[in-house]
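Subject: Structure handover

Hi,

Here is the structure you were going to look at. My notes on it follow right below.

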Amino acid sequence: MHILWIAIAVVALLVTLVAILSALAPTKIAYTESVTVNASSADVYDDIRLQRRLMRWSAWPQETGSKCAVDTAHAEPKADGEVGARTVFYSKKGKRIGHQAIVRLEPGREVEMTLEGAGPPHSPTMTFELMPQANEQTRVHLHFENRFPRPFNAVWHFFGLSRWTRRMHVKDLEGLKAFCEPPHRDATGREVGRPPQGQNPFELTGQH
């Protein structure tokens with residue numbers, strides 16, 4: 001009987017602790033990271049919107065040990081680089097673990113994507129804003145926003161998931177810059193040229 005009361009007390013304490021942490025943690029984060037790329041905004045725009053190119057410079061597959069593929073399986077598959085196109089992510093064992101989808105395009109200027117994945121519930125949106133500069137340079141702003149329902153906001157905040165995500169976005173911009181600029185390297189540091197040549201080591205083939 002004493003063990004039962006101890007168990008009830010522990011559960012009550014944990015519930016109270018989660019409630020306190022949830023009350024302290026934000027339910028929304030938003031930030032912008034930027035980079036200057038020595039390439040035209042038209043080229044940078046294509047390297048972002050075309051999912052088969054994006055998969056080659058994105059830091060996420062290598063950092064998370066995952067694979068990716070352009071989705072052709074959902075009800076209305078879209079051509080690569082169009083609104084509705086998706087990149088699907090798979091675990092090492094080939095299990096589908098999430099996807100990102102293009103939801104808005106402003107040619108040469110903006111690419112907006114939403115993301116769905118494993119882990120605590122959240123609603124992330126990522127927008128690449130391109131600003132042409134002198135001498136065929138482009139200033140790229142990555143605007144990220146994410147919302148978390150309570151009490152899952154406590155998990156995201158106190159386990160450092162938001163800080164980790166931001167570090168990954170900085171790596172993404174570094175990868176984009178390396179891919180857009182000569183000698184055009186992918187996320188592994190391999191030269192792929194322009195247009196990109198060779199096989200993407202992170203692409204999972206045979207997925208539909």
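The chain has 6 helices and 7 strands, where helices (H or I, at least four residues) and strands (E, at least two) are DSSP runs, numbered from the N terminus. Reading from the N terminus, the order is α-β-α-α-α-β-β-β-β-β-β-α-α. Before you dig in: this is a predicted model, so local features need pLDDT of at least 70 and side-chain atom pairs count only at pLDDT 80 or more, while totals for chains, interfaces and linings use all residues. Residues are numbered from 1 along each chain as its sequence is written, and side-chain values use heavy atoms, with hydrogens and water left out.

Overall packing, then. Of the 208 residues, 39% count as buried; that means under 20% relative accessible area, with exposed being over 50% and partly exposed in between (1.4 Å probe, protein chains only). Among contacts (heavy atoms within 4.5 Å) with a separation of 6 or more, 54% come from residues 24 or more positions apart. The chain exposes about 11400 Å², and carbon and sulfur atoms supply 58% of that. Those areas come from Shrake-Rupley with a 1.4 Å probe; for residues, only the protein chains shown count as cover.

Now the inside. A nonpolar core here is a set of buried Ala, Val, Leu, Ile, Met, Phe, Trp, Tyr and Cys residues joined through side-chain atoms within 4.5 Å. The largest one has 27 residues, and Val44, Ile48, Met113, Phe128, Val140 and Leu176 have the most contacts inside it. At least two residues of this core come from each of strand S1 (28–37), helices H2 (41–49) and H3 (51–57), strands S5 (110–117), S6 (125–132) and S7 (138–147), and helix H6 (161–180). If you want one residue to click on, try Ile48: leaving out residues up to four places away in sequence, Ile48 touches Leu54, Trp57, Val111, Met113, Phe128, Leu130 and Leu176. There is also a second, separate core of 5 residues, including Met55, Cys68, Val70 and Phe89.

On cysteines: Cys68 is buried at 0% relative accessible area, and Cys180 is buried too, at 4%. The structure holds 0 disulfides, taking a disulfide as a pair of cysteine sulfur atoms within 2.5 Å. The C-alpha atom of Cys180 is separated by 7.4 Å from that of Asp43, although the two are 137 residues apart along the chain. Asp43 sits in helix H2 and is partly exposed, with a relative accessible area of 39%.

Salt bridges next, meaning a side-chain nitrogen of Lys or Arg within 4 Å of a carboxyl oxygen of Asp or Glu. The count is 15. One of them pairs Glu145 with Lys28 at 3.8 Å, N to O. Glu145 is in strand S7 and Lys28 in strand S1, so this pair ties together parts that are 117 residues apart in sequence. Both ends are partly exposed, Glu145 at 31% and Lys28 at 37%. Lys28 and Glu145 also belong to a network of salt bridges with Arg147.

Two others mix the exposure classes:
- Arg104 and Glu110 have their closest N and O atoms 2.5 Å apart; Arg104 is partly exposed at 32%, whereas Glu110 is buried at 18%.
- Lys177 and Glu181 come to 2.7 Å, with Lys177 partly exposed at 25% and Glu181 buried at 13%.

On the surface, Val155, Phe158 and Phe159 make a nonpolar patch of about 310 Å². Patches are built from residues with over 30% relative accessible area and no salt bridge, joining like charges within 9 Å and nonpolar side chains (Val, Leu, Ile, Met, Phe, Trp, Tyr) within 5 Å. Val155 lies in helix H5 (residues 152–158) and, at 31%, counts as partly exposed.

Last, some backbone details. The peptide bond from Pro182 to Pro183 is cis, with omega near 5°, and so is the one from Arg194 to Pro195, with omega near -5°. Pro183 is in the segment after H6, as is Pro195. That segment also holds His184, a residue other than glycine with a positive phi near 65°; His184 is buried at 11%. Asn135 has a positive phi as well, about 60°, but Asn135 is in the loop between S6 and S7 and is exposed at 72%.

Cheers
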